[in-house]
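Let us walk through this structure together, one site at a time. Keep the 3D view open as you read, and turn it whenever a new residue comes up.

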Amino acid sequence: MSFVNRYRRSIIVIGTIVLCGFLLTQCVNNEKEQVVQKGIAKFDQFAGSASCASCHKDIYEKHKQTGHYLTSRPAEEKYIKGSFEKGKNVYAYTPSIILAMEKRDSHFYQVAYFKGEEKKAMRFDIVTGSGAKGQSFMTWRGNKLFQLPVTYFTNAGQWSNSPGFPSDRVMIDRPVTSRCMECHVTFAERISEDGKEPEEFSKTNIIYGVDCERCHGPAAGHVAFQTQNPQEKKGKYILNPASLSRQQNLDLCALCHGGNIHKTRPSFSFSAGEILADYFTIDSLSELAVNTGNVDVHGNQLGLLNKSKCFRMSETMTCNTCHNSHENQRGNKALFSQKCAGCHSVAHNNFCTIDTAKFPGMHQNCIDCHMPAKLSMSIAVMLPGREVPAAASVRSHFISIYPEETKKFIPLQLK
Ligand code: HEC
Ligand code: HEC
Ligand code: HEC
Ligand code: HEC
Ligand code: HEC
Ligand code: HEC
Ligand code: HEC
């Protein structure tokens with residue numbers, strides 16, 4: 001082998017290395033544009049969804065109707081579901097311990113009475129929950145937030161004891177944690193030091209609801225850029241989950257829909273596009289955590305779905321296969337059934353094996369037989385005068401064959 005040849009080859013090798021290095025930094029740079037800043041974002045990096053309205057009007061208007069947007073709001077009259085009317089506004093612990101929901105001036109209060117004498121008035125400051133199942137309420141004391149003792153339970157249309165609260169006395173000192181906030185608001189700035197409890201939050205630096213920027217990352221940079229460059233047709237400095245991997249997409253939803261996951265870094269550190277396991281120990285997929293008979297803590301949708309054949313035997317299924325995050329699709333069984341039909345059809349020879357002639361309406365409702373509603377283990381409350389808690393029902397995401405559910409339809413169909 002001649003010297004020249006060897007020299008030439010090393011030039012090629014070095015050239016290749018340099019080129020790879022260059023491409024690599026390009027990838028990393030591109031990625032930097034996609035992935036939002038690491039660590040806990042600052043309040044001023046958020047723009048709030050109202051600022052998206054001018055350019056993404058359709059999505060903005062629809063999003064305001066979703067459970068996500070409504071899952072935390074300031075305690076204004078239009079957001080509180082329960083009644084303040086006399087006769088409908090009390091929860092009695094015992095005949096002498098009573099809590100009344102009262103409107104005073106322009107605010108709303110939970111007022112504790114003992115033998116008719118007022119003991120404590122606690123203001124509704126934040127509403128948690130859209131009210132599909134129920135609403136809990138938070139009150140500020142200084143910079144600390146506490147959960148109010150009475151919750152509104154939608155199934156019964158009544159005020160009820162908050163889940164996990166004692167049933168014989170008014171508990172007023174259950175602090176709201178940053179993890180509770182992380183699942184129900186887009187951003188809350190914690191101002192107390194690590195480890196200090198109860199935690200303290202800034203009263204002003206909160207972005208309510210599971211808002212656009214929870215799924216797309218803080219967007220002040222995007223808004224500023226697009227506003228200054230109205231001719232620019234491409235979106236910059238913003239994350240579109242469509243560009244993420246299957247796992248990244250699942251992780252984004254699992255932050256709040258993954259059952260019992262335990263944080264290893266402070267709340268609000270995780271951002272869309274990152275790997276959830278870097279921030280949480282995740283046992284929501286383990287046998288122990290996923291009892292398919294249970295729909296546990298606020299519904300472990302990821303854990304249950306992960307057990308289903310649909311999920312395991314298809315390569316692409318994510319939550320977005322069936323859900324459009326920008327729309328309120330609640331109760332639209334026909335629409336969800338169309339999603340099933342995207343994979344299951346007679347033509348593909350993997351359609352339902354029941355006798356379709358007996359079930360003429362089946363194409364509009366694959367859901368009740370294969371994803372039945374089950375009682376929640378955690379959204380359960382004590383109603384006045386009852387001994388066992390009443391639970392909200394949640395759709396099981398363990399897509400499977402439930403002969404008992406099918407039986408419920410047989411008499412109906414044979415009529
Ligand atoms: C001044 C106009 C403007 C404002 C305000 C604005 N956007 Fe955009 N955005 C655009 C344009 C233009 C695009 C590119 C075209 C498109 O995808 O609609 C875009 C694209 C996007 C994309 C898709 C990016 C991609 O890579 O496909 C997302 C997500 C997005 N915007 C979210 C938001 C959010 C969230 C807000 C509010 C916090 C917001 N935008 C505010 C103009 C704007
Ligand atoms: C920051 C936490 C959080 C993230 C991230 C999140 N969700 Fe949710 N989601 C919630 C909460 C809280 C509710 C309950 C809303 C309410 O109060 O009704 C909810 C409700 C829902 C509902 C029920 C809506 C209805 O019909 O009432 C669906 C479906 C849903 N989420 C899907 C998703 C999907 C898909 C993703 C990922 C793209 C996702 N969520 C990401 C917190 C989150
Ligand atoms: C791990 C994330 C997570 C944590 C922590 C969490 N929630 Fe939730 N919460 C959810 C999700 C997700 C739903 C929607 C349940 C569903 O439909 O499966 C929900 C539902 C609710 C609802 C019923 C909303 C409705 O009408 O459907 C209330 C009320 C509520 N949560 C209050 C709280 C309060 C108060 C705390 C803290 C003390 C808390 N949650 C902690 C994720 C969480
Ligand atoms: C619960 C998570 C979630 C929330 C909240 C959310 N989005 Fe999205 N958004 C997504 C996902 C997931 C996609 C990608 C859908 C896909 O795979 O095509 C997306 C896509 C987009 C796109 C790209 C174009 C399109 O229509 O697919 C825009 C623009 C956008 N979102 C804007 C917004 C705005 C503005 C808001 C608030 C008003 C918002 N999003 C709230 C999850 C969310
Ligand atoms: C992304 C494609 C996809 C979607 C969407 C989908 N499935 Fe499946 N499903 C599969 C695959 C793959 C299997 C396993 C192989 C087979 O049976 O075809 C499966 C299996 C099943 C089974 C058999 C389960 C068992 O334990 O034997 C049922 C029942 C089922 N799906 C119902 C549904 C229903 C109902 C929906 C809508 C809510 C749905 N699927 C949506 C891909 C999908
Ligand atoms: C009335 C209840 C009911 C309805 C409605 C229903 N299914 Fe089924 N499905 C069943 C039962 C029961 C079985 C198991 C039948 C058997 O053992 O052969 C089954 C079986 C299946 C299977 C497994 C087939 C296999 O090869 O093992 C799939 C996939 C499926 N259904 C999908 C669907 C889809 C998609 C829809 C909506 C278009 C639907 N089902 C509507 C009750 C129902
Ligand atoms: C195969 C389709 C399918 C997939 C995939 C899917 N869902 Fe659902 N989901 C449904 C259906 C159907 C409902 C019931 C809708 C209704 O009745 O309003 C539902 C309801 C929900 C609800 C409301 C629960 C309740 O009963 O109030 C939440 C929250 C939810 N899904 C989250 C998720 C998350 C998170 C993922 C991904 C881990 C996911 N879903 C994946 C079909 C799906």
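Does His-257 count as buried, partly exposed or exposed? Its relative accessibility is 32%, so His-257 counts as partly exposed. The limits behind this are simple: buried means under 20% relative accessible area, and exposed means over 50%. Please keep in mind that you are looking at a predicted model.

Before following that histidine further, take a look at the whole chain. It has 12 helices and 16 strands. Of its 415 residues, 39% count as buried. Now think of contacts between residues at least 6 apart in sequence: 55% of these join residues at least 24 apart.

Back to His-257, and to ligand 2. The iron atom of ligand 2 has two protein donors, the NE2 atoms of His-68 and His-257, lying 2.0 Å from the iron. Because His-68 lies in helix H3 (residues 67–70) and His-257 in helix H7 (residues 246–257), the pair ties together parts that are 189 residues apart in sequence. His-68, with a relative accessible area of 31%, is partly exposed.

What arrangement do the donor atoms around this iron form? There are 6 donor atoms around the iron atom of ligand 2, and the angles they subtend run from 88 to 179°, so the arrangement is octahedral. For comparison, six octahedral donors ideally make angles of 90 or 180 degrees.

Around ligand 2 there are 19 residues, and those that come nearest are His-68, Cys-253, Cys-256, His-257 and Arg-330. Several side chains place an N or O atom beside a polar atom of the ligand. For Arg-330, the distance to an oxygen atom of ligand 2 is 2.4 Å, and for Thr-71 an oxygen atom of ligand 2 is 2.7 Å away. His-68 has such a side-chain atom 2.8 Å from a nitrogen atom of ligand 2. H3, helix H4 (178–184) and H7 each supply at least two residues of the shell, and the largest share, 4 residues, comes from H7. By type, the shell divides into 6 nonpolar, 10 polar and 3 charged residues.

Next, move to ligand 7. Which residues are the protein donors of its iron atom? They are His-323 and His-397, each through NE2, lying 2.0 Å from the iron. This pair links distant parts of the chain, 74 residues apart. You will find His-323 in the loop between helix H9 (309–312) and helix H10 (333–341), while His-397 sits in the loop between strand S16 (390–395) and helix H12 (403–414). The arrangement around the iron atom of ligand 7 is octahedral because its 6 donor atoms subtend angles of 88 to 180°.

Are the two histidines of ligand 7 buried or exposed? His-397 has 15% relative accessibility, so it counts as buried. His-323, in turn, has a relative accessible area of 37% and is therefore partly exposed.

The shell around ligand 7 holds 19 residues, with Cys-319, Cys-322, His-323, Gly-331 and His-397 coming nearest. Lys-133 has a side-chain N or O atom 2.6 Å from an oxygen atom of this ligand. H8 (301–307) gives the most to the shell, with 3 residues. By type, there are 10 nonpolar, 6 polar and 3 charged residues in this shell.

Ligand 6 offers another shell to explore. Of the 16 residues around it, Cys-352, Thr-353, Cys-366, Cys-369 and His-370 come nearest. The side chain of Thr-353 has an N or O atom 3.0 Å from an oxygen atom of ligand 6, and a polar side-chain atom of His-370 lies 2.8 Å from a nitrogen atom of the ligand. The shell around ligand 6 has 9 nonpolar and 7 polar residues, and no charged ones.

Finally, leave the ligands for a pair of side chains. Glu-77 has its place in the loop between strand S1 (72–74) and strand S2 (90–92). Which side chain does the side chain of Glu-77 meet in a polar contact? That of Lys-103, at 3.3 Å. Glu-77 and Lys-103 are 26 residues apart in sequence, with their C-alpha atoms 9.6 Å apart in space. Leaving aside neighbours within four places in sequence, Glu-77 is in contact with Lys-103 and Phe-108.

Definitions and conventions: Residues numbered from 1 in each chain as written. Chains lettered and ligands numbered in written order. Predicted model: local features only at pLDDT ≥ 70, side-chain atom pairs only at ≥ 80, totals over all residues. Heavy atoms only, no water. Donors = N, O, S within 2.8 Å, 3.2 Å for Na, K, Ca; no water. Tetrahedral: all angles 85-135°; square planar, octahedral: opposite > 155°, others 65-115°. Buried < 20%, exposed > 50% of the residue type's maximum accessible area, 1.4 Å probe, protein only. Near = heavy atom within 4 Å. Polar contact = N/O pair within 3.5 Å; in protein donor to acceptor, adjacent residues only side chain to side chain. Nonpolar A, V, L, I, M, F, W, Y, C, P; charged D, E, K, R; others polar. Contact = heavy atoms within 4.5 Å.
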